[in-house]
Amino acid sequence: MPGFELLPHTADTGFRAYGETLEELFIHAAEALISIALDPCHVAAFAPRQISASGATPEELLVAWLNEVLYLLDGVSFVPARFEAVWFEPGGVCGQLLGERRDDTRHPPRIVVKAATFHQLQLREHNGGWEAEVFLDI
């Protein structure tokens, strides 16, 4: 099962992410967001970082999680290369990852992503795994 695919949209951009587990889905959704925002081909996985997000529902957690990843990219100028672990806690999701400082010459920007949104958001169990459709405000 592939990790994600891009979805066409007239005004925004979106993706469909897959995972055998909800944790794997969150990783693939983060990878989709990163690949939309910049070219991740040359990101080195040497600096550890942990992120977390909170929400009352799985959908809220996913949107908050993606916006934390976006904050890493734009607010902290850090590019995740590999997610080591994702786990859920009551009311939250946490992730341990490796990456490096963002460098536009090595990680060329593609699209400026403003936010992950609830617009047309879908998160569901599907064929023994998980699937999400997410649209981004660009």
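Student: Which residues is leucine 62 in contact with, leaving aside its neighbours within four places in sequence?

Tutor: Phe26, Ala29, Leu121, Leu123, Ala132 and Val134, where contact means heavy atoms within 4.5 Å. Bear in mind that this is a predicted model: local features need pLDDT of at least 70, side-chain atom pairs count only at pLDDT 80 or more, and totals for chains, interfaces and linings use all residues. Numbering starts from 1 along each chain as its sequence is written, and side-chain values use heavy atoms, leaving out hydrogens and water.

Student: What makes a set of residues a nonpolar core?

Tutor: They must be buried Ala, Val, Leu, Ile, Met, Phe, Trp, Tyr or Cys, joined through side-chain atoms within 4.5 Å. The largest one here has 40 residues, and Phe15, Phe26, Leu62, Trp65 and Leu66 have the most contacts inside it. Elements giving it two or more residues include strand E2 (13-19), helix H1 (22-37) and helix H2 (58-74). H1 gives the most, with 11 residues. Helices (H or I, at least four residues) and strands (E, at least two) are DSSP runs, numbered from the N terminus.

Student: Why is cysteine 94 called buried or exposed?

Tutor: Buried means under 20% relative accessible area, exposed over 50%, partly exposed in between, with a 1.4 Å probe and protein chains only. Cysteine 94 has 7%, so it's buried.

Student: And cysteine 41, buried or exposed?

Tutor: Its value is 60%, which is over 50%, so cysteine 41 is exposed.

Student: How many disulfides does a search of the whole structure find?

Tutor: Zero. A disulfide would need a pair of cysteine sulfur atoms within 2.5 Å.

Student: Why are E3 and E5 said to pair?

Tutor: DSSP has to find at least two bridges between two strands. Eight bridges join E3 to E5, so they pass, and they run antiparallel. Alanine 47 has glycine 99 in E5 as its bridge partner.

Student: What makes E3 and E4 edge strands?

Tutor: In the open sheet, ordered E3-E5-E4, each of those two pairs on one side only. H2 packs on the sheet, touching E3, E4 and E5, and its direction makes about 145° with that of E3. Such angles run from 0 to 180 degrees between N-to-C directions of lines fitted to C-alpha atoms, for helices over the stretch in contact.

Student: How do you know that E7 and E8 pair?

Tutor: Five bridges connect E7 (residues 122-126) and E8 (residues 129-137), in the antiparallel sense, so the cut-off of at least two is met. Histidine 126 stands opposite glycine 129. Two residues lie between the strands of this hairpin, and asparagine 127 takes a positive phi near 50°.
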